[in-house]
Amino acid sequence: MDVGCFAIKVTLLFLSFVVHHRGIARGGGCDLYEGKWVHDESYPLYDTSQCPFIEKEFDCLKNGRPDKDYLKYRWQPNAVKGKSIMFVGDSLSLNQWQSLTCMLHVALPHAKYSSVRTGGLSTFTFPAYGAKVMFSRNAFLVDIVSTNHGAALMLDSIEGGNLWKGIDVLVFNTWHWWLHRGRQQPWNFIQVGKATYRDMDRLVAYEKALSTWAKWVESNVDPAKTKVFFQGVSPDHMNGSDWREPNAKNCEGQKEPFFNKRGNYKYPAGPHPAQLVVEKVIGAMSKPVHLLDVTTLSQLRKDGHPSVYGHGGHRDLDCSHWCLAGVPDTWNQLLYAALLKSYLKPAS
Ligand SMILES: *[C@@H]1O[C@H](CO)[C@@H](O)[C@H](O)[C@H]1NC(C)=O
């Protein structure tokens, strides 16, 4: 079995997990262990002829076992009701949401699905499983409100949060829009309480907004019902000096990851400044929020962006988003691993 196939099995597991792990936090137990065996044509997980060191006594097919159905059963933990997962953030959230929906569809090509977009909310559903994978476009997490003086970026207001209540798994992200200026900047001034500012240091504004988001989580999330993730800052590759290739203007033409010749995994540009803010804010929270810490591993993938193969050719070169298949698939594998770990841990 090849690696791609393994990824699909992992994804199947992810879906059954997203759908079927209900009640885990309920009694502190874990009903991943209660359920039933279901027939699954995509099984077995591996072909023993590709495992050269298998002990003879376990290799039933080779020893002549004639029936094969026993290979085709997958463990399906108890289903109680469908689960929902929502990505909330900018187009990097769209990138990860799309990666997950593609992986799920490829894993279950015959399962009916629907993908509906209403305004800023995209909902991908497998009706038979009751599973929903959503993406809510929200570049800043905090609110932008139109006033007589133009659009205000409200660093201490987060009404948008009403949409996030009752979701089982929330995956937040914000960063890229905080640097936009001029025509790409969708607000005219910043407001905090009654005070208004023409502008401020963007990292300072970012920290204030993240603190507002953290307060929302502290007062609205019940950790027994909802798991909260923060999708780490996704780095772009707009300056070759970051990876010791000063002649590279951006990511165009990059064909392989950055490999540090000194043998460690450090990225020459060092930690991303926004990543440090995220770590600081999440580190001060009392409710459990899992940082999906993908910044450093993504920094190494200067080769993973669309560059001229996105929507704009050379006129709209893209060194921010990621090609699919690609880096966000790894983010989802890590999200899966973290979810599994958080649900297997007895509820405290
Ligand atoms: C790239 O980064 C280097 C080092 O930080 C800096 O000196 C240079 O001005 C940057 N180039 C561009 C085009 O921003």
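Which residue in S6 is the bridge partner of Phe126? Keep that question in mind while you open the model, which is a predicted one, and begin with the whole chain before going to the strands.

**The whole chain**

Colour the protein chain by secondary structure, and you should find six helices and 15 strands. Of the 348 residues in the chain, 30% are buried. If you then display the contacts with a separation of 6 or more, residues 24 or more positions apart account for 74% of them.

**The sheet of seven strands**

Select S4, S5, S6, S3, S9, S12 and S13, which in that order make up an open sheet of seven strands with mixed pairing. Strand S4 (114-118) and S13 stand at the edges with a single partner strand each, so one side of each of them has no neighbour in the sheet. Looking along the sheet, you will see a twist that averages 15° from one strand to the next.

Now select strand S5 (121-126) and strand S6 (131-137), which pair in the antiparallel sense over six bridges. Here the opening question is settled, for the bridge partner of Phe126 in S6 is Ala131. The hairpin of S5 and S6 has four residues between the strands, and in it Gly130 takes a positive phi near 65°.

Keep S6 selected and add S3, which pairs with S6 in the parallel sense, also over six bridges. To see one of the pairs, pick Val88 and look across to Ser136, its bridge partner in S6. S6 itself is mostly covered, since six of its seven residues are buried.

Move along to strand S9 (residues 169-172), which pairs with S12 in the parallel sense over four bridges. Within this pairing, Leu170 has Val228 of S12 as its bridge partner. Then add helix H2 (residues 91-107), which packs on the sheet and touches S3, S5, S6 and S12, its direction making about 160° with that of S6. Helix H4 packs on the sheet as well, touching S12 and S13, and its direction makes about 165° with that of S13.

**Helix H4 and the core**

Select H4 alone, residues 273-283, and show the side chains of its buried residues, which are Ala274, Gln275, Val277, Val278, Val281 and Ile282. These residues lie on the same side of H4, because they cover an arc of only 160° around the axis. An α-helix has 3.6 residues a turn, so residues three or four places apart point the same way. Turn the helix over, and the face away from the buried side shows the exposed residues Pro273, Lys280 and Gly283.

What do the buried residues of H4 pack against? Add helix H3 (202-220), strand S12 (227-231), strand S13 (289-292) and helix H5 (295-299) to the view, and you have their packing partners. For a closer look, select Val278, which touches Leu210, Phe230, Gly232, Val233 and Leu291, not counting residues up to four places away in sequence.

Val278 also belongs to the largest nonpolar core, which has 51 residues; Met86, Val133, Leu170, Ala209 and Val278 touch the most other members. In soluble globular proteins, nonpolar side chains tend to be buried together.

**The sheet of four strands**

Next select S7, S8, S10 and S11, which form an open sheet in that order, again with mixed pairing. The edge strands are S7 (143-147) and S11 (195-197), each of which pairs on one side only. In this sheet the twist averages 35° from one strand to the next. Strand S10 (residues 189-192) pairs with S11 in the antiparallel sense over three bridges, and you can find one of the pairs by selecting Ile190 and its partner in S11, Tyr197.

**Three backbone details**

Most residues other than glycine have a negative phi, and most peptide bonds are trans. With that in mind, select Arg244, whose phi is positive at about 60° although it is not a glycine. Arg244 is found in the loop between S12 and H4.

Is Ser307 buried or exposed? Select Ser307 in strand S14 (residues 307-312), where its phi is also positive, at about 45°. Ser307 counts as buried because 20 other C-beta atoms lie within 10 Å, whereas Arg244, with 13 C-beta neighbours inside 10 Å, counts as partly exposed.

Finish at the peptide bond that joins Leu324 and Ala325, which is cis, with omega about 0°. Ala325 lies in the loop between strand S15 (316-318) and helix H6 (327-344).

Definitions and conventions
Residues numbered from 1 in each chain as written. Predicted model: local features only at pLDDT ≥ 70, side-chain atom pairs only at ≥ 80, totals over all residues. Pairing = 2+ DSSP bridges. Helix = DSSP H or I, 4+ residues; strand = E, 2+ residues; numbered from the N terminus. Axes fitted to C-alpha atoms, helices over the stretch in contact; angles between N-to-C directions. Buried ≥ 20, exposed ≤ 12 C-beta atoms within 10 Å, placed from the backbone. Arc of directions from axis to C-beta. Contact = placed C-beta atoms within 7 Å. Core = buried A, V, L, I, M, F, W, Y, C linked by C-beta atoms within 7 Å.
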